[in-house]
Amino acid sequence: MSRYNTLLVALDLTQDSAQVLSGASKLVTTGSHLHLVHVAEHPVTALGSGTGRNHRHGELQVRQELFPRLQAYADGMALPPDHLHILFGDAPQEITYLAGKLGADVIVTGSHGEKGLKRLLGTTATDILHQAACDVLIVRIHEPAQGT
């Protein structure tokens, strides 16, 4: 396997993110540049002439809420703040765009291994796989065993 210099790790900021980051850490080598990204939906803002300004203000509030959560995953990794990205919009599109902008060699994301109709309709991981111009590592999210 070739060496990955720039890795982009897509995190949904749920408890599953730790598994995705663990999978990504197996690819990190000395000199690798690791970036973390979370894509949020655009905040709902009021309609009217100030919508654009309200929309940007709403995004700022969302960024301020999400940044510490994203930064918590980077704790102990000595990642500079400009390696933590919060974007808004369609997750696969935004992630693959950022990967291209960063010159990422690989995107790491998670998947629950959907079955049936959900698989037929597609998942974020599948969309990233089809849109990316670089390698994609999909970390299988293992669900906790159901206790009785």
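Is Ala78 buried or exposed? At 74% relative accessibility, Ala78 counts as exposed, and we will come back to this residue below. The model you are looking at is predicted, so keep an eye on the confidence values listed under the second topic. Its protein chain contains 5 helices and 5 strands, and the strands come together in an open, parallel sheet.

**The overall plan**

- Walking along the sequence of the protein chain, you meet helices and strands in the pattern β-α-β-α-β-α-β-α-α-β.
- The protein chain has 148 residues, and 37% of them are buried.
- Take the contacts between residues at least 6 apart in sequence: 75% of these join residues at least 24 apart.
- About 9,100 Å² of the protein chain is exposed, with 53% of that area supplied by carbon and sulfur atoms.

**How confident the prediction is**

- Across the protein chain the mean pLDDT is 84, and 78% of the residues reach 70 or more.
- Residues 117-121 have a pLDDT below 50, and beyond near neighbours in sequence this stretch makes 2 contacts in the model.

**The sheet**

- The 5 strands are arranged in the order β3-β2-β1-β4-β5, with parallel pairing.
- Why does one side of β3 (84-88) and of β5 (135-140) lack a neighbour in the sheet? Both strands stand at the edges and each has a single partner strand, so one side of each is left open.
- From one strand to the next, the twist averages 25 degrees.
- As a general reminder, strands of a sheet pair through backbone hydrogen bonds, in either a parallel or an antiparallel way.

**Strand by strand**

- Strand β1 (residues 6-10) pairs with β2 in the parallel sense over 5 bridges, and one matched pair to find is Leu8 with its bridge partner His35 in β2.
- To get from β1 to β2, the chain passes through α1, and this β-α-β crossover is right-handed.
- Strand β2 (residues 33-40) is mostly covered, with 7 of its 8 residues buried.
- On to the pairing of β2 with β3: these strands run parallel and are joined by 5 bridges, and Ala40 has Phe88 in β3 as its bridge partner.
- Strand β4 (residues 106-111) and β5 are a parallel pair over 6 bridges, where you can spot Thr109 opposite Ile138 in β5.

**A buried serine**

- Ser17 belongs to helix α1, which covers residues 17-25.
- Ser17 counts as buried because its relative accessibility is 1%, while the cut-off for buried is under 20%.
- Which residues does Ser17 touch, leaving aside its neighbours within four places in sequence? Ser17 is in contact with Leu11, Asp12 and Tyr73.

**Two residues with a positive phi**

- Most residues other than glycine have a negative phi, which makes the next two residues worth a look.
- Leu13 is found in the loop between β1 and α1, and its phi is near 65 degrees, a positive value in a residue other than glycine.
- With a relative accessible area of 7%, Leu13 is buried.
- Ala78, the residue from the opening question, sits in the loop between α2 (51-74) and β3.
- Ala78 is not a glycine either, yet it has a positive phi of about 55 degrees.
- Leu13 is buried, whereas Ala78 is exposed.

Technical notes:
Residues are numbered from 1 along each chain as its sequence is written. This is a predicted model: local features need pLDDT of at least 70, side-chain atom pairs count only at pLDDT 80 or more; totals for chains, interfaces and linings use all residues. Side-chain values use heavy atoms; hydrogens and water are left out. Helices (H or I, at least four residues) and strands (E, at least two) are DSSP runs, numbered from the N terminus. Buried means under 20% relative accessible area, exposed over 50%, partly exposed in between (1.4 Å probe, protein chains only). Contact means heavy atoms within 4.5 Å. Accessible areas come from the Shrake-Rupley method with a 1.4 Å probe; for residues, only the protein chains shown count as cover. Two strands pair if DSSP finds at least two bridges between them. Axes are lines fitted to C-alpha atoms, for helices over the stretch in contact, and angles run from 0 to 180 degrees between N-to-C directions. A crossover is right-handed if, with the strands pointing away from the viewer, the path from the first strand over the helix to the second runs clockwise. pLDDT is the predictor's confidence in each residue, from 0 to 100.
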